[in-house]
Amino acid sequence: MPRIGDGLDAVTAFAGAAVAGMALFLPFTFRTTAASALDSPYRVTSLVNSVPRAAALGLIVAVVVAVLVRPLTRPGLVWLTATCATAALAVNYYIGTLMTSADVLTTQNYIDSICGGAAYGALGICSLRMRWPAVGFAVGTIVVFVYGEVVAIFTSNSTQADKSAHSPTWLVLFALVLLAVNTARHQHGVILGAPPRLAADLPISPIIATTLLALTLLLTTEWLSGEFDGRRASTAQVGLAVVLTVTAAFVTALLLPDRDGAAVLLAVSLAAVADSLGDAPSLGWNLLVVIAVVVITVLAGLARPSPWPVLLGAAAIAVFSLFTDNFGWTVTWMIGTGLLAAVAGYGFASVRVSYLPSAVLALGALYLPSILWAIPTRLRNWPAGGVNADDQVPGFTALAITIGAAVALALFYWIRPAEPAPRS
């Protein structure tokens, strides 16, 4: 049973992961009085373009920070790193409330992601060393992922749709206070048995893997978006983007130690199938249902771990998205959201890693751009531009990525036989 301290660590990990995840995944915003400044097509385009780029940059920062702080034997220093990054995030939000112009919006979006990435990487190392904080960290990450995927960040007229889609002030301050408290609690702690850090002890393979994955997905998405600019991209072009996505995920998996890379293949698949679902105006009180589903499935994944049900569930979501026109919108949205929350929750509790920065990469990869962002359809509010593709193109694309990820996972397991004893 968790102790009171474990519960506090878990709540802190949840709140911190949620705030950092929002900074990585969602566009930066500021007070409503400045919303009219976003009506400029140029500014809207700049903001839309900066969101996937900032997510890629933020994830690279997260993994770099995770690699740097993992060898520290004083957990209080790692908590302090997460606290300082969250404080910088809070300052950036505060500055945003003072803005009356959208001129610096894109810059603040990048700053938001860099600070969020630093907080996410440090908090991941703090949390993933302990059972219940690890649960809180995973739940916070996945809830933000589900929220960002199923809630329309932009309306059909390309203005920001839901201000609550971005970190509310109270949540940022709540997370900051909890992180400060935990920093004080752990300041005298020592990680027993941790290997001494050498001057040259900086494993760069996770950093290279993250950079490769993030830049490949970003460039592929932007290239495919250009192919849809004013025309319909061909099946061959979409197919090439699928191959590049799966190949990047597979090479990334090979760069990580042991079998850690399996989680990256799951993340790429889940991000794609999530983008195949339509958008809703907001979650409202359904957010509590999503949190409950994620908690239950995370615990189920810890009890009976296996990556294959995750890919099967992802394929089911992709197939479901092909037939959403046959159901009412409410039924479609509820089933799709529930399936996504359940599959993602189970997936990232069922994968074991031997090196903690690999887990930071795998969970953070949920926030990377998917090539489905670049496919415009009438059912999605993300302003991809260009001529709308057929409504079933995203579903078939997500299914192709999932099948490719399954084949890549089988090959990966053949190349990397099971290894005993994670070393974290």
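Me: Before we look at any residue, what does buried mean here?

Reply: Buried means under 20% relative accessible area, while exposed means over 50% and partly exposed is in between. Keep in mind that this is a predicted model. A good case to start with is Leu340, which counts as buried because its relative accessibility is 0%.

Me: Where does Leu340 lie, and which residues is it in contact with, leaving aside neighbours within four places in sequence?

Reply: Leu340 lies in helix H12, residues 329-347. Leaving aside neighbours within four places in sequence, Leu340 is in contact with Phe145, Val146, Glu149, Val150, Leu270, Ala274, Leu277 and Ile317. Glu149 is worth a second look: 191 residues separate Leu340 and Glu149 along the chain, yet their C-alpha atoms are separated by 9.4 Å.

Me: Let me step back to the whole fold. How many helices and strands does the protein have?

Reply: There are 14 helices and zero strands. Read from the N terminus, every element in the run is therefore an α. Of the 424 residues, 56% are buried. As for the surface, the protein exposes about 17,000 Å², and carbon and sulfur atoms supply 69% of that area.

Me: Of the contacts between residues at least 6 apart in sequence, what share joins residues at least 24 apart?

Reply: That share is 86%. Thr12 can serve as a worked case. Thr12 is found in helix H1, residues 4-25, and counts as buried at 0% relative accessibility. Beyond its neighbours within four places in sequence, Thr12 is in contact with Trp79, Leu123, Leu178, Leu179 and Asn182.

Me: How are two packed helices described?

Reply: Two packed helices are described by the angle between their axes and the distance between the axes. Take helix H9 (residues 262-275) and helix H14 (residues 393-415): they pack at an angle of about 175°, with axes 9 Å apart. H9 and H14 are therefore roughly antiparallel to each other, since an angle over 145 degrees counts as roughly antiparallel.

Me: Which residues meet between H9 and H14?

Reply: From H9 come Ala262, Leu265, Val268, Ser269, Ala272 and Val273. Their partners in H14 are Ala398, Ile401, Thr402, Ala405, Ala408, Leu409, Phe412 and Tyr413.

Me: Now the charged pairs. How many salt bridges does a search of the whole structure find?

Reply: The search finds two salt bridges. In one of them, the side chains of Asp9 and Arg185 meet at 2.8 Å, N to O. Asp9 lies in helix H1 and Arg185 in helix H6, so the pair ties together parts that are 176 residues apart in sequence. Asp9 is buried, with a relative accessible area of 2%, whereas Arg185 is partly exposed at 40%.

Me: And what does Glu222 form a salt bridge with?

Reply: Its partner is Arg53, and the closest N and O atoms of Glu222 and Arg53 are 2.6 Å apart. This pair links distant parts of the chain, with Glu222 in helix H7 and Arg53 in helix H2, 169 residues apart. Glu222 is partly exposed at 31% relative accessible area, and Arg53 counts as partly exposed at 33%.

Me: How should I read a phi angle?

Reply: Most residues other than glycine have a negative phi. Asp258 has a positive phi of about 50° although it is not a glycine. Asp258 is found in the loop between H8 and H9, and at 25% relative accessibility it counts as partly exposed.

Me: What about another loop residue, Arg74: where is it found?

Reply: Arg74 is found in the loop between helix H2 (41-69) and helix H3 (75-97). At 39% relative accessibility, Arg74 counts as partly exposed. Arg74 and His188 are 114 residues apart along the chain, and their C-alpha atoms are separated by 7.4 Å.

Me: Last one: which residues make the nonpolar surface patch?

Reply: The patch of about 360 Å² is made by Ile204, Ile208, Leu212, Val251 and Leu255. Helix H7 (205-227) and helix H8 (235-255) are the elements that give two or more residues to this patch. Ile204 lies in the loop between helix H6 (169-185) and H7, and is partly exposed with a relative accessible area of 48%.

Technical notes. Residues numbered from 1 in each chain as written. Predicted model: local features only at pLDDT ≥ 70, side-chain atom pairs only at ≥ 80, totals over all residues. Heavy atoms only, no water. Patch = residues over 30% accessible without salt bridge, like charges linked within 9 Å, V, L, I, M, F, W, Y side chains within 5 Å. Areas by Shrake-Rupley, 256 points an atom, 1.4 Å probe, with all protein chains shown as cover. Salt bridge = Lys/Arg side-chain N within 4 Å of Asp/Glu carboxyl O. Buried < 20%, exposed > 50% of the residue type's maximum accessible area, 1.4 Å probe, protein only. Axes fitted to C-alpha atoms, helices over the stretch in contact; angles between N-to-C directions. Parallel < 35°, antiparallel > 145°, perpendicular 65-115°, else oblique. Contact = heavy atoms within 4.5 Å.
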